[in-house]
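Biologist: Got a minute to go through this one with me? I'd like to talk about rings first, then charge.

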Amino acid sequence: QKRQRSFKAILNKLTPDNFEKLLEKLLDVGITEAITLVGLIGQLFEKALQEPTFSSLYAELCRVLSDRFLSEGVEFLDPAAPEGQQAITFKRVLLNKCQEEFESGDKAIAKAEAGDDEDDDKKEGEEGEEKSETEKELEDEDRLLQARRRMLGNIRFIGELFKKSMLTERIMHTCIMKLLGEGEKTPNEEDVEALCKLMTTVGGQLDHQKAKAYMDAYFRRMEVLSKSEEMSSRHRFMLQDVMDTRAKGWRERRKEEGPKKIEDVHRDA
């Protein structure tokens, strides 16, 4: 717990300017056990999801830490794992966290859409007061908004991790297929938004000759969705934007702004 508090304090100060200095401080805290590593990666995810603008910075930190542990031959042992399977790597823990966050995000959105919240019911019972319909609706809307933001943040972070070679192409294709929906069923609009965000982030890297058949199939599906009356005009335009970006060789109309060093800010000014 003491180490996790130290990690939190260090991550709260992280910027492109002090990256190297704080990286060493992070390592000095001592990351030798699986439970410590799992806690650190959990904190990195929270930061990336709460501050999506900085997701590229947190992805770079993941890459540097993973490379450092690999080059130094550091192994993490998970005492809860079966005999002979106790050694885990930074990438393995990161991958597990990505999957866990993706699945829990889906559940949180579905729960918020259904207006299902056991905690509220429990609280109501304890206080003996019933909330008005308006209050419940506002809370449900707020919960749904937070769940969607978290899912979008997660997708963006997954894309940034892929760009740093921390995740495989196969995982990206799995995410895209999931977001496009199964069969002829129209995906939810938040899934479409997440899909557009992911394609904008990693589409250029995925769109090569070996994966052409997959990418063509995705974009045929996106074209159908962009003409669907079930989609809001906002989401239809989003899909059209991504299709236009691909047609122009993945040249973005406006580059996504991320964290910058002070000297870069001065140079731009």
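Modeller: Sure, one term up front: buried means under 20% relative accessible area, exposed means over 50%, and partly exposed is in between, with a 1.4 Å probe and protein chains only. By that cut-off F69 counts as buried, at 5% relative accessibility. Keep in mind this is a predicted model, where local features need pLDDT of at least 70, side-chain atom pairs count only at pLDDT 80 or more, and totals for chains, interfaces and linings use all residues. Residues are numbered from 1 along each chain as its sequence is written, and side-chain values use heavy atoms, with hydrogens and water left out.

Biologist: OK, how many aromatic pairs are there?

Modeller: Three. The rule is that rings of Phe, Tyr and Trp (its six-membered ring) pair if their centres lie within 6.5 Å; planes under 30 degrees apart are stacked, over 60 edge-to-face, the rest tilted. One of them is F45 with F157: the planes sit at 85 degrees and the centres 5.0 Å apart, so that pair is edge-to-face.

Biologist: Where in the chain are F45 and F157?

Modeller: F45 is in helix α3 (residues 34-50) and F157 in helix α7, 112 residues apart, so to speak linking distant parts of the chain. Helices here are DSSP runs (H or I, at least four residues), numbered from the N terminus.

Biologist: And is F157 buried or exposed?

Modeller: Buried, at 0% relative accessible area.

Biologist: Switching to charge: where does E133 lie?

Modeller: In helix α7, residues 133-163. E133 counts as exposed because its relative accessibility is 57%.

Note on methods. Helices (H or I, at least four residues) and strands (E, at least two) are DSSP runs, numbered from the N terminus.
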